[in-house]
Amino acid sequence: MLKHFQVIVIGGETAGIKVSSMLKKKDPALKIGVIEPSDMHYYHQAWTLVGANAYSFEKTDRKMSSLILKGVEV
């Protein structure tokens, strides 16, 4: 099924999530789609802390769907 959006965000990592959320909050009627093949989001910025044994690796991943603002399609 072909879907139509007003805005397409390529990549669902931290920047893609932030941009799509900001746009959706500014205009809730905006049809936004995010192209992201992964089901999981990895918070890469914490990996340096994991390497220093100051943060748990298990806390660096979350389901992508839990981070995308409601109304934005992945």
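Which residue lies over the face of Tyr55? I looked this up before anything else. Lys59 lies there, at 6.0 Å from the ring centre of Tyr55. I note for the rest of these entries that the model is predicted.

**Entry: the sheet**

I went to the strands next. Three of them form an open sheet, with parallel pairing, in the order β1-β2-β5. The edges are taken by β1 (7–10) and β5 (72–73); each has a single partner strand, so one side of each is left without a neighbour in the sheet. I then checked how β1 meets β2, which covers residues 32–35. The two strands pair in the parallel sense over four bridges. I looked up the partner of Ile10 as well, and the bridge leads to Ile35 in β2.

**Entry: the nonpolar core**

Which residues make up the largest nonpolar core? I listed eight residues in all: Val9, Ile17, Leu30, Ile32, Val34, Met64, Ile68 and Val72. Nonpolar side chains tend to be buried together in soluble globular proteins. I picked Val34 from the core list and looked up its contacts. Leaving out residues up to four places away in sequence, Val34 touches Val9, Gly11, Gly12, Ser20, Val72, Glu73 and Val74. Val9 and Val72 are also named in the core.

**Entry: aromatic rings**

How many aromatic pairs are there? I count two aromatic pairs. In one, the ring centres of Tyr42 and Trp47 are 6.4 Å apart and the planes stand at 55 degrees, so I entered this pair as tilted. Trp47 also forms an aromatic pair with Phe57, 6.2 Å centre to centre, with 40 degrees between the planes; that pair is tilted too. Trp47 belongs to helix α2 (residues 47–51), whereas Phe57 sits in the loop between α2 and β4 (61–63), so their pair ties together parts that are 10 residues apart in sequence. Through these ring pairs, Tyr42, Trp47 and Phe57 are linked into a cluster.

Are the rings of this cluster buried or exposed? I looked up each residue by relative accessible area. Tyr42 is partly exposed at 29%. Trp47 is partly exposed at 36%. Phe57 has 42% relative accessibility and counts as partly exposed. The cut-off for buried is under 20%, so I did not enter Tyr42, at 29%, as buried.

Key:
Residues are numbered from 1 along each chain as its sequence is written. This is a predicted model: local features need pLDDT of at least 70, side-chain atom pairs count only at pLDDT 80 or more; totals for chains, interfaces and linings use all residues. Side-chain values use heavy atoms; hydrogens and water are left out. Two strands pair if DSSP finds at least two bridges between them. Rings of Phe, Tyr and Trp (its six-membered ring) pair if their centres lie within 6.5 Å; planes under 30 degrees apart count as stacked, over 60 as edge-to-face and the rest as tilted. Buried means under 20% relative accessible area, exposed over 50%, partly exposed in between (1.4 Å probe, protein chains only). A charge sits over a ring if NZ of Lys or CZ of Arg is within 6 Å of the ring centre and within 35 degrees of the ring normal. A nonpolar core is a set of buried Ala, Val, Leu, Ile, Met, Phe, Trp, Tyr and Cys residues joined through side-chain atoms within 4.5 Å. Contact means heavy atoms within 4.5 Å.
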